[in-house]
Amino acid sequence: PYALARDEAVHASATGAGVDVAVCQGHTLCDLADLVREAGGQPVTTYSTFEKHFAAVTSRKPIRVAAAPEAIPPPGRAADSAGRDLPSADELAPSLKGVPALFPGGETEALRRMRAHLALDNGRWAAAFEKPKTVPTALDPHG
């Protein structure tokens, strides 16, 4: 797939330039590449098949649970895994300091914007909404 080839190219380029590259597994219980290999490179289409492959992979490479930290450091500057300070947002873009966000985040703000939008036509848009006529098992997103 494109993303894997891209990641390998970036890794090779960075390593070639003398950058120390750390490749970390994501927030999954096992390496997804191992699951794909276990499935023979084919997509898994049922949960029972996934469970079978997952059991095989985790029996060879058991899931390791990390020990809980003894203490959590106080808030302060962020650091990477090597302990080097990471720049703050203000240091990365000092010219943006004090610039208001175009779209403030958060649920309260989202609800306010939604209610304002719906009030424009007294809710007719929401009342007239119709689910797209699609086939849920079709691969064509346009029906």
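**Salt bridges, a pocket and a surface patch**

Glu38 and Arg60 form a salt bridge (a side-chain nitrogen of Lys or Arg within 4 Å of a carboxyl oxygen of Asp or Glu), with their closest N and O atoms 2.8 Å apart. This pair links distant parts of the chain, as Glu38 lies in helix α2 and Arg60 in helix α3, 22 residues apart; helices (H or I, at least four residues) are DSSP runs numbered from the N terminus. The model is a predicted one, in which local features need pLDDT of at least 70 and side-chain atom pairs count only at pLDDT 80 or more, while totals for chains, interfaces and linings use all residues. Residues are numbered from 1 along each chain as its sequence is written, and side-chain values use heavy atoms, with hydrogens and water left out.

Relative accessible area sorts residues into buried (under 20%), exposed (over 50%) and partly exposed (in between), with a 1.4 Å probe and protein chains only. On this scale Glu38 is partly exposed at 28%, whereas Arg60 is exposed at 55%.

In total, six salt bridges are counted. Another of them pairs Asp34 with Lys61, again with a closest N–O distance of 2.8 Å. Because Asp34 sits in helix α2 and Lys61 in the loop between α3 (47–60) and α4 (89–92), this contact ties together parts that are 27 residues apart in sequence. Asp34 is buried, at 8% relative accessibility.

Within helix α5 (residues 107–119), Glu109 and Arg113 stand four residues apart, about one turn of the helix. Their salt bridge has its closest N and O atoms 3.4 Å apart. Glu109 is buried at 17%, and Arg113 is partly exposed at 33%. Elsewhere, shared partners join Asp34, Arg37 and Lys61 into one network of salt bridges.

And now to the pocket. The largest pocket (an open set of points on a 1 Å grid where a 1.4 Å probe fits, with protein on both sides within 12 Å along at least five of seven lines) holds about 540 Å³ of space. It is lined by 17 residues (an atom within 4 Å of a point), the closest to its centre being Leu4, Asp7, Val23, Asp31 and Ala33. Helix α1 contributes the most to this lining, with six residues.

Val23 lies in the loop between α1 and α2 and is exposed, at 68% relative accessibility. Together with Val19 and Val21, Val23 forms a nonpolar surface patch (residues over 30% relative accessible area without a salt bridge, nonpolar side chains joined within 5 Å) of about 250 Å² accessible area, as given by the Shrake-Rupley method with a 1.4 Å probe.

Technical notes
Points joined across faces, edges and corners; volume = space filled by probe spheres on them. Helix = DSSP H or I, 4+ residues; strand = E, 2+ residues; numbered from the N terminus. Patch = residues over 30% accessible without salt bridge, like charges linked within 9 Å, V, L, I, M, F, W, Y side chains within 5 Å.
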